[in-house]
Amino acid sequence: MNPSSSSTPRRSDGATRDSSNPRKNSNKPKYSRFTQQELPACKPILTPAWVITAYMLVAVVFIPIGLASLSASESVVEIVDRYDVECIPEHLRVDKVAYIRSSETKKTCTRSLSVPKHMKAPVYVYYQLDNFYQNHRRYVKSRSDKQLRYKSKEHDTSSCDPESTTSNGSPITPCGLIAWSLFNDTYKFSLAAKALDVNKKNIAWKSDKDHKFGRDVYPKNFQSGGLIGGGKLDASIPLSEQEDLIVWMRTAALPTFRKLYGKIEADLEPDDKLTVVIENNYNTYSFGGKKKLVLSTTSWIGGKNDFVGIAYLTIGGLCLFLAIGFAVLHLLCPRNLGDPSYLSWNRDAAARPTKL
Amino acid sequence: MKRIVYINDESCQDLYCDNRVSNRKYTLLNFLPKNLWEQFRRFMNQYFLLIACLQLWSLITPVNPASTWGPLIIIFAVSATKEAWDDYNRYLSDKQANEKEVWVVKNGVRKHIQAQDICVGNVVWLRENDEVPCDLVLIGTSEPQGTCYVETAALDGETDLKTRVIPPTCVGLDSEQLHRIKGVIECPNPDKDIRRFVANMRLFPPFIDNDICPLTINNTLLQSCYLRNTEWACGVAVYTGNETKLGMSRGIPEPKLTAMDAMIDKLTGAIFLFQIVVVVVLGFAGNVWKDTEARKQWYVKYPEEGPWYELLVIPLRFELLCSIMIPISIKVSLDLMKSLYAKFIDWDEDMFDAETKTPAHAANTAISEDLGQVEYILTDKTGTLTENRMIFKRCCINGIFFGNESGDALEDVELLNAVANNIPHVIRFLTVMTLCNTVIPIKSKSGAISYKAQSQDEDALVKAAAQLHMVLIGKNGNIIVEVFAEINFNGSILQYEVLDILEFTSDRKRMSMVVKDCQTGKIFLLSKGADEAIFPCSNSGQQIRTFMDAVEQYAQLGLRTLCLGWRELKEDEYIEWSHMFKEASSTLVDREWRLAEVCQRLEHDLEILGVTAIEDRLQDGVPETIEILRKAGINFWMLTGDKQSTAIQIALLCNFISSEPKGQLLFINGKTEDEVARSLERVLLTMRITTSEPKELAFVVDGWALEIILKQYKEAFTELAILSRTAICCRVTPSQKAQLVELLKSCDYRTLAIGDGGNDVRMIQQADIGVGISGREGLQAARAADYSIGKFRFLKRLILVHGRYSYNRTAFLSQYSFYKSLLICFIQIIFSFLSGISGTSLFNSVSLMAYNVFYTSIPVLTVVLDKDLSERTVMQHPQILIYCQAGRLLNPSTFAGWFGRSVYHAIVVFLITIHAYADEKSEMEELSMVALSGCIWLQAFVVTLEMNSFTILQILAIWGNFVAFYVINFIVSSIPSAGMYTIMFRLCTQPSYWITMVLIVALGMGPVLALRYFRYTYRPSAINILQQAERSRGPIYSLGMLESQLKSVEKDVASLSINQPKSRSSVYEPLLSDSPTATRRSIGPSAFDFFQSMPSRISSSYMRNCKDN
């Protein structure tokens, strides 16, 4: 903004006369640039040159970044398979909720996925839930961080309602709705009849494992009540090792979210046929939520997300347009900046009844 | 009710409070409850307390209650600390006063005790230069005549010495007797009137007689005065502690509310309503969603049957979520800013008056913004526009004019010759000048004589006479009984015995003295007074034509005139009159009226000796100041007690009105109601017709007509007040001044009253802003005022620089505070649509609290250094003040702009965040931190864009705050137990985080900048134009060539002084025939802002609408 450092010159009337003959007077305000509001200041103003350059600069910077992020996003290979409907036998689809609730029905289902492009290891396996409100006020608060961390805080379940204690009053570990509703679908991958290992180690944040979930806290009374929510936990493994739980407990901020299931530590070649055996246990049918299995590689900007790239390109384009527009406007009707004749009181009042 | 005080009686001292002075508002015990009570009287605080209490209910609170309690407690602590500090300082000064040692008689022995132990009835002894510790009735002094001198500056601000006398019954008591004196004083209950004390005293035997002796204010020594020029004095304590006259008059003035505060309150109210609407709508939607959708979401586990208050839970959650819409920090920020504005005024070197060594002072720290919105200035004349330093300039003795050529009679050779030649008329004239006054000459040790005078005019006369070799060298003797005045004339000492003083009152408008020439034994009556008071008393045989001409001529030059007269009294006439006079002066009923009547009997058949003309010079820079402020669109009214012709002359001299043909004076006068009504009607008619003319109309009204108008024709006068930019009201009383202020205020105008004397106090207190000039008439006005300045010319700086900057800064700060609160609130609201309308907070408690209290409050506080235009530019283009006056920077439409911006920014931040952080990245803590960072980034750019000038402090605050945000979050992110442990570190290592931030800023600021640039360049406001002009070619001097302006005014004055008597007789109406275009000037320095000349002046409400555009 055309910064021009101009220290305001001291006015020559009065003040300088006073200060030229130093008189001992306690009444007299002490001179300092701050108290006299005369600190040197730079007063940038919006000149056409500056504004046009600024928009131009933004355009020049944004378009390459947009292209880069778009290409990064394009380089990510992603396989998305929605299986919530397909995995229910056709004759049972009338009442999906009954199917999923029943302990009799067979929940296993097999899906085959084809790899469109080369996928470089590691390939991340996500499950995606739609219309699932992990951010619901009632849900998001229903946990006890202290209990998860410290063995001694086992009874610290006051915030976990309505899933804090069993019916006989002994505390549930881990308590709360979030843990209770743990996602429990499982996936088994095989490539050309050969099992493909899914690495489920280190899918949770290291900081969570080290500092948020206790090494000496073991599941207790979990899913023992009348109503079974989601997955169960092995009571012999400490919480800090229950990585699925830790991932699940990192609540999502949006109703559509993906959570890491595991990593496939092998490259996938184009046209590979992947077979997935899904244990379809989790109930999203009662609220019409979708379940998707996602395999994705990653890039410097993360997973497949065209938004940033497109937004950058759009804004870059708009800025370019604005810069050109302002330049043309400036050439067509140049304005003499700061012409006092524009001042309303210098105009003839009657001739131009405009507003200021 | 009466108070009975027994002198020196130890037994009944407990009836009244002791002399402990306490100005404290609080004690240690009641501080907390009382202070909290005071604070909770504000609506905003009640609101925040309610919110904070609601947050304690964990079922509905979206965030930790600490996020509201923290700031609330900080805010309360800050206010309470400030109060406590003030109170502690008051306590210290009280303590100092209370523990001062004084001499008091106890059981007949003089003892040293602390001032706080004085009881009513004690006899207190004072020495020279002692401060009077409580209100005393004087009973003895070191002077044989029973007088003493006191300086009352601390009480009423008057710097001259006042004489106090002991009551007659106490005359002649020696100090031994005074130790044992017994008696009773009957006095009224404590009040705050420092000019009245109606009491009487009776001494018990063996002291003389037990006659009742009346006491007046002249027999008292009031608390906080100083004893001067008197070795000792003693008095009986009658009022002590907080019941003294000073203590009673101490009061907490009504807090004034600025127009801006009112507007901010209004906007707060609007936001509050908006919030209620949002809460109701979202609460309803939330309940619907809960009953339809949430029941299906099994993992939420809603119970089938909720408690009875279930329906309320979601709305209350939203209420808490939206409570941040009203920024908790705004009050504190504003208070902080306002006290800085006041400090800037105190510190301003350019408003330091080197002559009297007084800096400007803002006694009221809360109303600086109003200075920028002043529409009417009501000014006193004497001492405000003029210096109130009287200088004897001309005189007319026996028909001969002196000083007309040179302009200074003291240098007029003819007068000097006349004095040297002992021309009898001249000598008599000088004798009256020297003697007929109440001036007290004080001889210093070196022999030089200085004069203490209550009236500046008398001082001027005595000094002038001294220069003409007639020096008043001493007055001694009891004021009551007899005075010997000595004058030194050309080396020979003349002695006069002052027999009686016929005091000056504002009704009589003259004073007289009866003196006896000690050489010849002849008795003379010497009189001096206003022309209309003296001429009727003149000797019928004398030709007073020349004197009347002289008075007229002098008045037209703006000089103050006094007429002097004398008469020789016959011995028996005097003796006869003297009896009547003594009788009248000892009456208890209607004493003043009786005295006036008696005086009248003596004051007749005077021989007029001559006329003196005293100049009261205009203060430096008054015409320029008025010129500039009028250009700024401020209307001036002059309210003076002086006479019409003098007032008009001064008005012309200081650019107040223009002479013909540019300006026109319309007179409203008349003695009867009908005359006044007709006159008013005629003026109003002229005014209506000529409003579209660029002619400066002013009306002149005198006190008498005003009295009638304010009683009977208030509506017509109100219309006139709206139409007229200028008015001169002469011969008005203090209460009329206050009434006029009230009238303008009732028309919804912002008024500023400026004055210097005690007669302006009421007007100053009444006005929206009172400005006092710490002048020669004392500090009374300055004490009552919100601002005190040393000279009138500082007013332009006070208004145009301080007032304007304050307004601009507050306008920005307040709207910005709402903007940032709304921004975060809207993000929460949008988020609630993605969280099942359940009232989840996207942001954690720490972030929310820190956002309001630190991240967004601190950088914007540096707006206190922001200057949109340099001081010099503002002074050159005072018209720019219209932006503040009309409130164009803070009104519902500008506020709507900020509101819209906050909605837009909230959408930008939220949409970009959820799209960039979708799918696998949509972790709650991360997403909320991304959104918060987005807000912080935007804040920094918004503040940068909205500020006009950047000093190092601003740059540090804005970007330092930005860095501080990251530092604070890094620190919080490294605490393992914190919810956002490691979050900030994770984000900062992701390229997509930085890309998202840049995207938010670009999309958020791009359109704002484009719009701003477009407006700035193609639809610039006057401020923008001047900013550009400032940059492109430095200061511009296109307007106001002040010097040439001044010269032309001087010429106008000269021409008008001849024409004036003619134009006074009737209303001059040639304008009616002029074609409207003939006199219109296209561009000119004194062409007002067209707003002022628009017909819309008729209706103030319409006017306001225009201003709001």
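Reader: Is A:Cys87 buried or exposed, and which of these describes A:Cys109?

Author: The model is a predicted one. In it, A:Cys87 is joined to A:Cys109 by a disulfide. As to their surroundings, A:Cys87 and A:Cys109 are both buried.

Reader: Where in chain A do A:Cys87 and A:Cys109 lie, and how many residues apart are they?

Author: The structure holds two disulfides over all chains, and the one between A:Cys87 and A:Cys109 has an S to S distance of 1.8 Å. This pair links distant parts of the chain: A:Cys87 belongs to the loop between strand E3 (78-82) and helix H3 (96-101) of chain A, while A:Cys109 belongs to strand E4 (residues 108-114) of chain A. Along the sequence, A:Cys87 and A:Cys109 are 22 residues apart.

Reader: Which cysteine is joined to A:Cys160, and where does the pair lie?

Author: A disulfide with an S to S distance of 1.8 Å joins A:Cys160 to its partner, A:Cys175. Both cysteines are in the loop between helix H5 (145-149) and helix H6 (177-180) of chain A, 15 residues apart. The partner of A:Cys160 is therefore A:Cys175, in the loop between H5 and H6.

Reader: Why does A:Cys175 count as buried?

Author: A residue is called buried when its relative accessible area is under 20%. A:Cys160 meets this condition at 0%. A:Cys175 is buried because its relative accessible area is 1%.

Reader: What is the pairing of the bonded cysteines of chain A in sequence order?

Author: One disulfide joins A:Cys87 to A:Cys109, and another joins A:Cys160 to A:Cys175. With the bonded cysteines of chain A numbered in sequence order, the pairing is 1-2, 3-4.

Reader: How are helices H3(B) and H27(B) oriented to each other?

Author: Helix H3 (residues 66-98) and helix H27 (residues 845-855) of chain B pack with their axes 8 Å apart, at an angle of about 30 degrees. Angles under 35 degrees count as roughly parallel. H3(B) and H27(B) are therefore roughly parallel.

Reader: How many nonpolar, polar and charged residues make up the contact of H3(B) with H27(B)?

Author: From H3(B), the residues are B:Ala66, B:Ser67, B:Gly70 and B:Pro71, and they meet B:Ser845, B:Met849 and B:Val853 of H27(B). The contact comprises four nonpolar, three polar and no charged residues.

Reader: Why are H1(B) and H3(B) described as oblique to each other?

Author: Helix H1 (residues 31-39) of chain B packs against H3(B) at an angle of about 120 degrees, with the axes 11 Å apart. Angles from 65 to 115 degrees count as roughly perpendicular and those over 145 as roughly antiparallel, so an angle between these ranges falls in the remaining class. The orientation of H1(B) to H3(B) is therefore oblique.

Reader: Which residues of chain B does A:Thr251 touch?

Author: A:Thr251 is in the loop between helix H8 (243-249) and strand E8 (257-264) of chain A, and it counts as buried because its relative accessibility is 5%. Residues up to four places away in sequence aside, A:Thr251 touches several residues of chain A, including A:Gln134 and A:Lys259. In chain B, A:Thr251 touches B:Ser922, B:Glu923 and B:Met924.

Reader: In which helix is B:Ser368 found?

Author: B:Ser368 is buried, as its relative accessible area is 0%. Among its contacts beyond four places in sequence are B:Tyr341, B:Tyr787 and B:Ser806. The helix that holds B:Ser368 is H10 (residues 368-371) of chain B.

Methods
Residues numbered from 1 in each chain as written. Chains lettered and ligands numbered in written order. Predicted model: local features only at pLDDT ≥ 70, side-chain atom pairs only at ≥ 80, totals over all residues. Heavy atoms only, no water. Disulfide = S-S within 2.5 Å. Helix = DSSP H or I, 4+ residues; strand = E, 2+ residues; numbered from the N terminus. Buried < 20%, exposed > 50% of the residue type's maximum accessible area, 1.4 Å probe, protein only. Axes fitted to C-alpha atoms, helices over the stretch in contact; angles between N-to-C directions. Contact = heavy atoms within 4.5 Å. Nonpolar A, V, L, I, M, F, W, Y, C, P; charged D, E, K, R; others polar.
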